[in-house]
Amino acid sequence: MRKGGISMQIFKEQIACSLAPLIDWEPERVVAALELPPDAKLGDLAFPCFQLAPKLRKAPPVIAADLAERWEKPAVVDQVQVVGGYLNFFLNPAVLAQQVLEAVQRAGDTYGNSQQGAGKTIVVDFSSPNIAKPFGVGHMPTTVLGNAISHLYQALGYEVVRINHLGDWGTQFGAMMVAYLKWGENDPLTEDPIGKLYRLYVKFHREEEATPALRDEARAWFNRLESGDEEATRLWRLFYDVSLKNFKRTYRRLGIEFDHYTGESFYIDKIDEAIGRIKAAGVTEVSDGALVVPLGDDLPPCLLQKSDGATLYATRDLAALFYREQTFRPERIIYVVAMDQALHFQQLKLVLKKMGLPLADALEHVAFGLVKLPEGKMSTRRGQMVLLDDVLQEATSRVQEIIAEKNPALPNKEQVAEQVGVGAVIFHNLKNSRMRDIIFDWNEVLNFEGETGPYLQYTHARCVSVLHKSGKQEFDLPQDLAGLSAEAAQQVLKRLSQFPETIDKAAQAYEPSTMSRYLLDLAQDFNRFYNTCRIIGEAASVEASRLALVNAVAVVLRRGLYLLGLTAPEQM
RNA sequence: GCGCCUGUAGCUCAGUUGGAUAGAGCAACGGACUUCUAAUCCGUAGGUCAGGGGUUCGAAUCCCUUCAGGCGCGCCA
């Protein structure tokens, strides 16, 4: 109920409570109606009077004027102005500054957190790359979205279970085995295992076109694997181990951790029970020798078992759902998976619904657009893809060049280059709303100016630098807050006050880009302030109040970057 | 054919659950570093919010429709 920090919200409430009786509305309704004016010159908050016009049978500007006259303003409000049909409120600059900065100061890194998720668990299934395939830039959206969403829900007080549902089962392993046995020369895969497996995989699909019999061989090998064949299991284990080792190195670079690496194979011994449960619910039928759940005329049926008895992707996902429900008792299970699988999740949901399970409502597919190349869709099979390692490599070395040019005296150059380069790549994937397709473009990924991760990190480092140069350790508020009355400072304060509601909004919509945009706005507001207001060397109270503001910006930027999965170097 | 998603400045995108003159970044041009990090900031220019209807005091936002693009549609994952 109560918010973790102060926000624009509490100013709205103070205004709403005093305004509500005059117009015979619930205060909540007034809060909802209050909006931010398009221009700071028009005030800090505004109440549009148009909705009152029919009932009062007066023109909106007349109503506004009348309200302004009769209204008793609370202490936070400095003055009221009537413009057109709007009632515009100007907050008291000192009160605004004091309330916002004290809230940030008091909460520190917990500023913006809340307890609304206390006692509730949420499972986030994300990243989930395929074993024996390289980690391409196409895997970035699910990986960084899932990580950011996990962080956001943790900030709301939820217990978050992060699961990497590895693609470690399925017919493609048959293909991998055939390719490895035929052309792999029994390589122990100690060196560049992923590169080797990748080339074998591409070769398999090239050869397959000329020799369709390969497909049958692959299918046979997968069947051997499913029935526990020793040789098949040995090969699978080999592919699995080298791949996971490689993935974990990538995750470490990205600063991402998982609670469970339970891939599809984890559920194979739970499938019989799952199928039994679905059968017992009476929703299955046999069609063309396969076991399916018919889903009506609107959706194709959900296939549980092929006519040869082999399990399918959906079967394993259902088994996973049952397992997760029983193991974690989550309020929600979120799947951060590209939108080309929308139908699959729609089917799962409907199967659960037909079974009469509440689990159906817990399942949430958080979809996102595809990463594509200028030439079109990426394809692992055809070898058309961009490796994440190459992108990170290119980004960090580009950052190193910039450091050599701009800040050669910087300590820990390599570490900072890594933080900034990786940050640029992560942020690039979180900047825009997730449903958009992304055309991979080197120039955009390697741009570090403007709306980028490095811009945010730079702004943070700039704050830290000022704080450091001030020679102070504590940044308490002085009595006199006149140093923050400038327009630019007020804008930063208002922005800081919106951080808690931004966390909330980004989490509810599973949309980290909301946070990205907020941080860009905050950084820009701050840089404007920085360029117009001197901080160090001003009169004592002015300096102190401005340092408190800088400190608050640093706290929120660091915290916001963390939520998105970026680090915030102190210098760069 | 059916279903889901997208369409806003030359390019990449925001747009607060229906509000005031539609905003950023990149690219272009012009400015600001003997002064707290110029990976910054300021200014100029750039718009039929895909098109057409409708709902109402008011629409980029809600409804209908057309067009364009992306993705998907039973034994792949």
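## Overall picture

Of the 572 residues in chain A, 54% are buried, where buried means under 20% relative accessible area, exposed over 50% and partly exposed in between, using a 1.4 Å probe and protein chains only. This is a predicted model, so local features need pLDDT of at least 70 and side-chain atom pairs count only at pLDDT 80 or more, while totals for chains, interfaces and linings use all residues. As for bookkeeping, residues are numbered from 1 along each chain as its sequence is written, chains are lettered from A and ligands numbered from 1 in the order in which they are written, and side-chain values use heavy atoms, with hydrogens and water left out.

Chain A comes with 22 helices and 13 strands; these are DSSP runs numbered from the N terminus, with helices being H or I of at least four residues and strands E of at least two. The C-alpha trace spans about 85 × 65 × 40 Å along its principal axes. Take the contacts (heavy atoms within 4.5 Å) with a separation of 6 or more: 73% of them join residues 24 or more positions apart.

## Two nonpolar cores

The largest nonpolar core holds 151 residues, and Phe47, Phe89, Phe239, Leu496 and Phe529 have the most contacts inside it. Helix α22, residues 540–564, is the top contributor to this core with 13 residues. Such a core is a set of buried Ala, Val, Leu, Ile, Met, Phe, Trp, Tyr and Cys residues joined through side-chain atoms within 4.5 Å. A second core, separate from that one, has 35 residues, including Ile271, Leu304, Ala319 and Ile333.

Back to Phe89: leaving aside neighbours within four places in sequence, its contacts include Ile15, Leu19, Leu34, Phe47, Trp71 and Val77. Gly43, Asp44 and Gln79 are also among the residues that Phe89 touches.

## One cavity and a pocket

How many cavities of 30 Å³ or more are there? The count comes to 1. On a 1 Å grid over the protein atoms alone, a cavity is a set of points where a 1.4 Å probe fits but cannot get out; a pocket is an open set with protein on both sides within 12 Å along at least five of seven lines, and lining residues have an atom within 4 Å of a point. The largest cavity offers about 80 Å³ of space, with grid points joined across faces, edges and corners and the volume being the space filled by probe spheres set on the points. Its lining includes Val137, Met140, Val371, His428, Asn429 and Phe440. By class that lining has 8 nonpolar, 2 polar and no charged residues, counting Ala, Val, Leu, Ile, Met, Phe, Trp, Tyr, Cys and Pro as nonpolar, Asp, Glu, Lys and Arg as charged, and the others, Gly among them, as polar.

The second largest pocket has a volume of about 590 Å³. Its lining numbers 21 residues, and Ala461, Arg462, Val464, Ser465 and Val466 lie nearest the centre. Helix α18 (453–469) and α22 each supply at least two lining residues, with α18 giving the most, 9 residues. The lining splits into 11 nonpolar, 5 polar and 5 charged residues.

## Buried side chains in helices

Tyr153 sits in helix α6, residues 140–155, and counts as buried because its relative accessibility is 1%. Its side chain reaches the backbone oxygen of Ala507 at 2.7 Å, a polar contact (a pair of N or O atoms within 3.5 Å; within protein, one must be able to donate a hydrogen and the other to accept it, and residues adjacent in sequence count only if both atoms are side-chain atoms). Beyond four places in sequence, Tyr153 also touches Ile122, Tyr158, Val160, Arg332, Gln508 and Tyr510, among others.

Gln347 is part of helix α13, residues 342–354, and is buried because it has 11% relative accessibility. The Gln347 side chain reaches the backbone oxygen of Pro300 at 2.8 Å. Not counting residues up to four places away in sequence, Gln347 touches Leu295, Pro300, Pro301 and Cys302.

## Two acidic residues

Glu543 lies in helix α22. Is Glu543 buried or exposed? At 11% relative accessibility, Glu543 counts as buried. Outside four places in sequence, its contacts are Lys472, Ile535, Ile536, Gly537 and Glu538.

Asp361, in helix α14 (residues 359–362), counts as exposed because its relative accessibility is 54%. Leaving aside neighbours within four places, Asp361 is in contact with Lys349 and Lys353. The C-alpha atoms of Asp361 and Lys349 are separated by 7.6 Å, with the two residues 12 apart along the chain.
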